[in-house]
Protein chains: 2
Amino acid sequence: MTVTIKDVARLASVSVATVSRVLNSSAPVSPDTRERVLQVARSLHFVPNGSARSLSRRRAAALGVILPDLYGEFFSELLRGIDQAAQRASHSLLVSSSHHDARGIGSAIRAMRGRVDGLLIMAPEVDAADVAEVLPADFPTVLINGAAASSSVQTITVDNFGGAQAMTEHLLSLGRRRIGFIAGAAHNADALERERGHHAALQSAGLPIDPELYVRGDFSEESGWQGAATLMGILSPPAAIFAANDAMAIGAISYLREQDITVPERMAVVGFDDIPVARYLNPSLTTVRVGIAALGQQATALLLDALDNRAPPTNVASRSVLPTHLVIRGSCGSPTSAPSRQPAASSTARNGFDETPIVSH
Amino acid sequence: MTVTIKDVARLASVSVATVSRVLNSSAPVSPDTRERVLQVARSLHFVPNGSARSLSRRRAAALGVILPDLYGEFFSELLRGIDQAAQRASHSLLVSSSHHDARGIGSAIRAMRGRVDGLLIMAPEVDAADVAEVLPADFPTVLINGAAASSSVQTITVDNFGGAQAMTEHLLSLGRRRIGFIAGAAHNADALERERGHHAALQSAGLPIDPELYVRGDFSEESGWQGAATLMGILSPPAAIFAANDAMAIGAISYLREQDITVPERMAVVGFDDIPVARYLNPSLTTVRVGIAALGQQATALLLDALDNRAPPTNVASRSVLPTHLVIRGSCGSPTSAPSRQPAASSTARNGFDETPIVSH
DNA sequence: CAGCTGGATGAAAACGTTTACATCGGGAGC
DNA sequence: GCTCCCGATGTAAACGTTTTCATCCAGCTG
């Protein structure tokens, strides 16, 4: 039915070995047989079978990507970065999402065994040690935004703590001393770090930590909406809302608008991530830039390096941290934030390599 | 190095055939050997090699997904729908993006040959016939939002024409008779259909088609920003802007805000797609709901059906069209659009099966 | 001219599964 | 007590590549 290398060999009256050599230019072949083989291959529309090739070569030229979800702009940005880096290295992507616990991740990994050369796992709600457990031994893996456990798997993260700290300091510098905080899910590593950063900034400013000013969301717009509603319902509402990610900030602003509470005049709202849409919101969103696509690219680069054995020795768990940057826009009411005359997203920015340096801790 | 079925067989002192039978429960095996095999397999952490399995079975339990891009919420929604449907059928996803022309699509397909059982291709800027050309003969394929060519490949689309027509009619009914239109890329099939729908509505209302009111974008926020700038620069600016997708509508609103032109009072702005963030914008975006995730799910369901040969005969090109719905929110200035008290995105809506019926043309 | 060297090729053994096909019991039917 | 069938297993042939090894021949070197 489907045309195989044998068909090509037969019609070109050579052995399959020669066909393979021509197609991969892996050994010298005389110019005329080479031409003959190519011609037959073209005319038959021959395309080598990927599974057979992977099996024989013992490498698949593919990477596995395991994500907790695909909802919202964050994951598509991440995937975009991963895809760019993988494609540059001629690798395909086997993607699987909706994996929130170690069991689910385990079964996703099993489905990928033998079809991928390495694994990119984002599991902010799962302990890194638990992930390591379900991992095949010595399988090249990079964990994205995992909890900072002392496991043996390579990890890349964003400076959640520093970013949140800087943001809270910024809000304080604007004179907003009562800050409501919409946190992420309780077991989410990123969410926790951002919370810690916020705390740290408050404490070093000598401010108390008021439990009434804390509500817990789940990184969805809806939970941001709910969070804002809760915060506005307390006896003395805050003067600013710091949502632990942009999606929740968007939800919060949406609630405030419905209540005719003007942002930023009556309420400053800030987020975290700098998803692409943030700069186009009304008001444009002050946030912490993460360089999501760059994160994906760096993670992929790390993995590809490991595959080429330009890698750190497998038993040394390295941990990379990408820096974050404050992006001051309209929603925080900062006087420095004049409306930009041009949208910042130029076509070059859209391909998204931010060249953010890596700092190892 | 890695543990294979032979290792399991040896340690359980049975043949590889028996191990395979146990693992797939494909033939009766006595309870005690069965138990013994399972125990050995577990203790060795044996996981079957996917490539070998695909090769032997002649099916990969994977689908190939080829997208033009990954930027923005549209594609992540689509991918989310596809992933849901595929996962339900225990299929993996091999994803490849950034393919805008037939050549790129062709090479992506070649890389997937033998690793996937079917193909999901979104290529709005490529003629369906050109896609069919680079397709392996008789390979199960579903085209998403492809141009309506008479090719032999199955296609699923959204009712772009009807949606755009309804939207323009709505704007006209609000008394906005001068409507600026920000179109999509010139060769984009979806964009063209939406343009046609807009035209049709104008014509049946007896209105002229003013070329000054047409600007061409590329579905990015930035091009929406530029488009709005252009439209505001003409001698007698419009009273409404219809952007051919939500991203451009967001860009347009962003420009208008910078110019202190209030939306919807001085300018109505509407979009197309109903990406998740649309309802959280300020003002919330009036748009045409497409059910993006549902589109992905339906496309995948169609493909899976074809794989099971519950399919339409391969030589009959079927064409499915999903209906679209007007979603009236704040940005069009419609009196009927009272602010909702609750965000519409409930957690059930987030898993996104819209149950939108399929209408075949 | 004997002995190398190396380019061009083919035969066949991997790679790790699944799956015909074959074998061997033993219990049921007569 | 003889078939017949069926459950439980093993052997080996696929699946479609790549790659090692071997072979052959031509052209050098000495």
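Which residue in β7(A) does A:Ile182 stand opposite? The close-up views below are taken from a predicted model, and the legend to the first of them gives the answer.

**View 1. Strand β6 of chain A and its pairing with β7(A) and β8(A).** In this view, A:Ile182 stands opposite A:Val215 in β7(A), and β6(A), which spans residues 179–183, pairs with strand β7 (residues 214–216) in the parallel sense over three bridges. Strand β8 (residues 240–243) of chain A also runs parallel to β6(A), to which four bridges join it, and within β8(A) the bridge partner of A:Ile179 is A:Ala240. Five of the five residues of β6(A) are buried, with A:Ile179, A:Phe181 and A:Ala183 covered on one side of the strand and A:Gly180 and A:Ile182 covered on the other.

**View 2. The β-α-β unit that includes β6(A).** Here β6(A) and β7(A) are shown together with helix α9 (residues 189–204) of chain A, and these three elements make a right-handed β-α-β unit.

**View 3. Aromatic rings around A:Phe181 and a charge over A:Phe272.** Ring pairs link A:Phe181 with A:Tyr214 and A:Phe242 into a cluster. In chain A, too, the charged end of A:Arg194 sits over the ring of A:Phe272, at 3.9 Å from the ring centre.

**View 4. Two edge-to-face ring pairs in chain B.** Over all chains, a search of the whole structure finds eight aromatic pairs, including the edge-to-face pair of B:Phe181 and B:Phe242, whose rings are 5.3 Å apart centre to centre with 85 degrees between their planes. Because B:Phe181 lies in strand β6 (residues 179–183) of chain B and B:Phe242 in strand β8 (residues 240–243) of chain B, this pair ties together parts that are 61 residues apart in sequence; both phenylalanines, B:Phe181 and B:Phe242, are buried. The ring centres of B:Trp225 and B:Tyr255 lie 5.1 Å apart and their planes meet at 85 degrees, so this pair is edge-to-face. It links distant parts of the chain, with B:Trp225 in helix α10 (residues 221–233) of chain B and B:Tyr255 in helix α11 (residues 246–258) of chain B, 30 residues apart, and both B:Trp225 and B:Tyr255 are buried.

**View 5. A charge over a ring in chain B.** The charged end of B:Arg194 sits over the ring of B:Phe272, and the distance to the ring centre is 3.9 Å.

**View 6. Helix α12 of chain B and the residue that follows.** The 16 residues of α12(B), numbered 292–307, reach 23 Å from the first C-alpha to the last, which is close to the 22 Å expected at 1.5 Å a residue. This helix is mostly covered, with 13 of its 16 residues buried, and just after α12(B) the residue B:Asn309 takes a positive phi of about 60 degrees.

How values were computed
Residues numbered from 1 in each chain as written. Chains lettered and ligands numbered in written order. Predicted model: local features only at pLDDT ≥ 70, side-chain atom pairs only at ≥ 80, totals over all residues. Heavy atoms only, no water. Expected span 1.5 Å × (residues − 1). Buried < 20%, exposed > 50% of the residue type's maximum accessible area, 1.4 Å probe, protein only. Pairing = 2+ DSSP bridges. Right-handed = clockwise from strand over helix to strand, strands pointing away. Phe/Tyr/Trp six-rings, centres within 6.5 Å; stacked < 30°, edge-to-face > 60°. Lys NZ or Arg CZ within 6 Å of the ring centre and 35° of its normal.
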